[in-house]
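Visitor: Please take a close look at a single part of this model, its charged side-chain contacts, and describe them in order.

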Amino acid sequence: MTGKQVSVTDAAFARVAKVLEGEPEKDALRVSVEGGGCSGFSYKFDLVSGRNDDDVVLEKDGATILVDELSLVYMGGSVIDFVDDLIGQSFQIKNPNAVASCGCGTSFTI
């Protein structure tokens, strides 16, 4: 595969593992990019069972995160993180390809 990979922080892997413990019928968190959102593209997070042939599989300590090949085009070089602060808890993606993003942090422009 060509292009940059996506990396995941330990905090994100730990949160995915904890979430999956409570969802026995699911075995991974799928992170994808779809058109739409207030800045052109938006991130989507889904708990899924099974994987697709074109998925990039990121695994650590019982946690599995899947990113499909098409989404990887927009997310190459990104870091998936889980943040727990005064504002709340959320998965966040630090995407070096994004030139603008919205206030909610889930929509971006390339």
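Guide: The account below concerns the salt bridges and the exposure of the residues that form them. This is a predicted model, in which local features need pLDDT of at least 70 and side-chain atom pairs count only at pLDDT 80 or more, while totals for chains, interfaces and linings use all residues. Residues are numbered from 1 along each chain as its sequence is written, and side-chain values use heavy atoms, with hydrogens and water left out.

The structure holds five salt bridges, each defined as a side-chain nitrogen of Lys or Arg within 4 Å of a carboxyl oxygen of Asp or Glu. Among them is the pair of Lys94 and Asp81, with an N to O distance of 3.1 Å. Lys94 lies in strand β7 (residues 88-94) and Asp81 in strand β6 (residues 79-85), so this contact ties together parts that are 13 residues apart in sequence. Strands here are DSSP runs of E, at least two residues long, numbered from the N terminus.

For exposure, buried means under 20% relative accessible area, exposed over 50%, and partly exposed in between (1.4 Å probe, protein chains only). Asp81 is buried, at 13%, whereas Lys94 is partly exposed, at 46%.

Another salt bridge joins Glu59 and Arg51 at 3.7 Å, N to O; Arg51 has 45% relative accessibility and therefore counts as partly exposed. Asp46 forms a salt bridge with Lys44, and their closest N and O atoms are 3.8 Å apart. In that pair, Asp46 is partly exposed at 27% relative accessibility, and Lys44 is partly exposed at 35%.

Notes. Helices (H or I, at least four residues) and strands (E, at least two) are DSSP runs, numbered from the N terminus.
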